[in-house]
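Reader: I've got this one open on my screen and I'd like a close look at a single part of it, the sheet. Could you walk me through how that part is put together and then how the rest of the chain fits in?

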Amino acid sequence: MPDQLSGVFAALADPTRRAILRQLRDGDATVAELAAPYSMSQPAVSKHLKVLEHAGLISRSRRATARLSHLEAEPLREAVGWLMDYRAYWAESFDRLDDLLDELRDAT
């Protein structure tokens, strides 16, 4: 992966992976716990977890015989920062649209 931000966006592109991250907001979970809401096998969920781990969005550890996944939210901060750079662009675009609508309204 050329950079972490690309990996984060690639991982977030899949709705199942986004849902797994939402689950992990409530705390660490095993593969079985993460697989429970889905009609997919534990190995399929494990593949999603590997993508999330590679992107730095989760870490994995062992507790006794269980392998737990843990949310690592810091990479999301970089993604949010990147998106926020475009907030000003969209605000300016909406302001220009408002100005145009006002001009059109005044012209009629």
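Author: Here is the sheet, followed by the helices and the chain as a whole. Keep in mind that this is a predicted model.

Start with the strand order. The sheet is open and has 3 strands, arranged β1-β3-β2 with antiparallel pairing. That leaves β1 (29-30) and β2 (58-63) at the edges, and each has a single partner strand, so one side of each goes without a neighbour in the sheet. If you want to check the β1 side yourself, look for the 2 bridges that join β1 to β3 (residues 66-71), the two strands running antiparallel. For a concrete spot, go to T30, whose bridge partner in β3 is L68.

Now follow the chain from β2 to β3. The loop between these two strands contains A64, and this alanine is worth a click. Its phi is near 55 degrees, which is a positive value in a residue other than glycine. A64 also counts as exposed, because its relative accessibility is 74% and the cut-off for exposed is over 50%.

Next, the helices that lie on the sheet. Helix α2 (residues 15-24) lies across β1, β2 and β3, and runs at about 95 degrees to β3. Helix α4 (residues 42-54) lies across β2 and β3, this time at about 120 degrees to β2. So much for the sheet and what lies across it.

Where do these pieces sit along the chain? Reading from the N terminus, the elements go α-α-β-α-α-β-β-α-α, and the tally for the protein is 6 helices and 3 strands. Between β1 and β2 in that order come two helices, whereas β2 and β3 follow one another directly.

After the sheet, two helices finish that list of elements, and there are salt bridges to look at here. The structure holds 2 of them. As a general point, side chains of opposite charge can pair when their charged atoms come close. In helix α5 (residues 74-84), R77 and E74 sit 3 residues apart, about one turn of the helix. Their closest N and O atoms are 3.1 Å apart, and the two form a salt bridge. R77 counts as exposed, since its relative accessibility is 59%.

Helix α6 (residues 87-107) holds D102 and R105, also 3 residues apart, or about one turn. They form a salt bridge too, with the closest N and O atoms at 3.4 Å. Here the partners fall in separate accessibility classes: D102 is partly exposed at 35% relative accessibility, while R105 is exposed, with a relative accessible area of 54%.

Finally, zoom out to the whole chain. The protein has a radius of gyration of 20 Å, whereas a compact globule of 108 residues would come in near 13 Å. Along the principal axes, the C-alpha atoms fill a box of roughly 75 × 30 × 25 Å. Of the 108 residues, 29% are buried. The accessible surface comes to about 7500 Å², with 55% of that belonging to carbon and sulfur atoms. As for contacts along the chain, take those between residues at least 6 apart in sequence: 51% of them join residues at least 24 apart.

Note on methods:
Residues are numbered from 1 along each chain as its sequence is written. This is a predicted model: local features need pLDDT of at least 70, side-chain atom pairs count only at pLDDT 80 or more; totals for chains, interfaces and linings use all residues. Side-chain values use heavy atoms; hydrogens and water are left out. Two strands pair if DSSP finds at least two bridges between them. Helices (H or I, at least four residues) and strands (E, at least two) are DSSP runs, numbered from the N terminus. Contact means heavy atoms within 4.5 Å. Axes are lines fitted to C-alpha atoms, for helices over the stretch in contact, and angles run from 0 to 180 degrees between N-to-C directions. Buried means under 20% relative accessible area, exposed over 50%, partly exposed in between (1.4 Å probe, protein chains only). The radius of gyration is taken over C-alpha atoms; the globule rule is 2.2 Å times the number of residues to the power 0.38. Accessible areas come from the Shrake-Rupley method with a 1.4 Å probe; for residues, only the protein chains shown count as cover. A salt bridge is a side-chain nitrogen of Lys or Arg within 4 Å of a carboxyl oxygen of Asp or Glu.
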